[in-house]
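Work through the exercises below with the sequence and the model side by side. Each task is followed by a solution that proceeds in steps.

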Amino acid sequence: MAFSTITRRTLIALGATALAALTLAAPASAQQFPDRTITLVVPFAAGGSTDVVARIIAQKMSENIGQQIIVENVGGAGGSLGADRVARAEPDGYTILMGTVATHALNPLILKTKPYDAEKDFSPVSLLVIVPNVLVVNPELPAKTVEELLALLKADPEGYSYASSGNGTPLHLSGELFKSMAGVSMQHVPYKGSGPALNDVIGNQIPIMFDNLPSSSGHIKAGTLRALAVTTKERAASFPDVPTIAESGIPGYETYTWNALFAPAGTPKEAVDKLNEAANTALKDPAVIERMKEFSATIVGSTPEELGKHVTAELAKWKPVVEGANIQMD
């Protein structure tokens, strides 16, 4: 009897201990994220604006989250290849995406074959920064303001063309929105990247271009390009004397390039919250703030819910522009 009693007590004690361990195991495991290296996929080539932002953020996030975050460039198909890779990745928080207006607003509207759903296949983490676009012209063009450019375009509807970094890019769509809202005509000339397009505008092979402000800023300062206006709602801190398009005769006009973090759909909330905290803390770091100022980027930082609403709003904004310009790509 004594042996039986001891055995029963021992088994009861062991059972209670096991139950307690099981009860604690799930939250303890979640709290351990991350316990290994995180891969941040940049869906464009190294050296571009998205890549630069990603590397600045990844370095500081690594310090905040206690694990290394490595940047991997997976370019191609206007950002869709890299975005699709993350959409299909294990939803554990260890593979995340540096998304943009291209990956989450334009490609879903433009591509005939859609490899992913921008809203359903991702867990939003944080909207990081907004980067202004800029309307630039060759200095020999007789237009020093948007109003003067509009007068030229209306006087000769078939006489002018504008350059962009490629078909279906945010810069192409910035030009199409400009044409639509201003009621003017310009022939779009797509290039394979901003570099070749800038060279031809500077060389006066083509008079007008929509570009990212960071890539044009050096030429504007050097006087080889004239900035007529930035595309954001407010003036850029790095060029306070350059007006916005909205204040230059096209009220309500606003476009910009943005960078945001996304994880695959189904990523645990605990992982998303830790990534969000690490990213938003990084954005408050003085060194990061200074780098972003040099880059003409406006720091945002958001909740996952706010980023989700942002994507929905961007899709709604660009849909009529894409449909109006009849832009479709394979």
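**Exercise 1: Serine 161 and its surroundings**

Serine 161 lies in strand E5 (residues 161–164), where strands (E, at least two residues) and helices (H or I, at least four) are DSSP runs numbered from the N terminus. The model is a predicted one, in which local features need pLDDT of at least 70 and side-chain atom pairs count only at pLDDT 80 or more, while totals for chains, interfaces and linings use all residues. Residues are numbered from 1 along each chain as its sequence is written, and side-chain values use heavy atoms, with hydrogens and water left out.

Task: decide whether serine 161 counts as buried or exposed, and state which residues serine 161 touches beyond those up to four places away in sequence.

Solution. Begin with the cut-offs: buried means under 20% relative accessible area, exposed means over 50%, and partly exposed is in between, with a 1.4 Å probe and protein chains only. Serine 161 has 18% relative accessibility and therefore counts as buried. Next, take contact to mean heavy atoms within 4.5 Å; on that criterion serine 161 touches Gln187, Val189, Ile206, Pro207 and Ile208.

**Exercise 2: The burial of H3**

Task: establish how many of the residues of helix H3 (residues 80–87) are buried, and find what covers them.

Solution. Six of the eight residues of H3 are buried, and the helix is thus mostly covered; the six are Ser80, Gly82, Ala83, Asp84, Val86 and Ala87. The cover over these buried residues includes strands E1 (38–42), E3 (95–100), E4 (122–137) and E9 (256–264), together with helix H4 (101–110).

Now examine one residue from each side of this arrangement. Serine 80, in helix H3, is buried with a relative accessible area of 4%, and, leaving aside neighbours within four places in sequence, serine 80 is in contact with Asn107, Leu111, Pro115 and Tyr116. The C-alpha atoms of serine 80 and proline 108 are separated by 9.0 Å, although these residues are 28 residues apart along the chain. Valine 41, which lies in strand E1, counts as buried because its relative accessibility is 0%. With neighbours within four places again set aside, the contacts of valine 41 include Gly82, Arg85 and Val86, as well as Thr95, Ile96, Leu97 and Met98.

**Exercise 3: The span and enclosure of H6**

Task: compare the expected span of helix H6 (residues 170–182) with the distance between its end C-alpha atoms, and state how many of its residues are buried.

Solution. The expected span of a helix is 1.5 Å times one less than its number of residues. For the 13 residues of H6 this gives 18 Å, and the end C-alpha atoms are 18 Å apart, which agrees. Eleven of the 13 residues are buried, so H6 is largely enclosed by the rest of the structure; among them are Leu171, Leu173, Leu177 and Phe178, and also Glu176 and Lys179. After H6 comes glycine 183, whose phi is positive, near 70 degrees.

**Exercise 4: The packing of H7 and H8**

Task: describe how helix H7 (residues 194–202) and helix H8 (residues 213–222) pack.

Solution. Axes are lines fitted to C-alpha atoms, for helices over the stretch in contact, and angles run from 0 to 180 degrees between N-to-C directions. The axes of H7 and H8 make an angle of about 25 degrees and are 11 Å apart. Angles under 35 degrees count as roughly parallel, over 145 as roughly antiparallel, 65 to 115 as roughly perpendicular and the rest as oblique; H7 and H8 are therefore roughly parallel to each other. Ser194, Leu198 and Ile202 of H7 make the contact with Ser215, Ser216 and His219 of H8. By class, two of these residues are nonpolar, four are polar and none is charged, where Ala, Val, Leu, Ile, Met, Phe, Trp, Tyr, Cys and Pro count as nonpolar, Asp, Glu, Lys and Arg as charged, and the others, Gly among them, as polar.

**Exercise 5: Backbone exceptions**

Task: which peptide bond is cis, and where does asparagine 204 lie?

Solution. Most residues other than glycine have a negative phi, and most peptide bonds are trans. The bond from phenylalanine 33 to proline 34 is cis, with omega near -5 degrees, and proline 34 lies in the loop between helix H1 (2–31) and E1. Asparagine 204, in the loop between H7 and strand E7 (208–212), has a positive phi of about 65 degrees although it is not a glycine.
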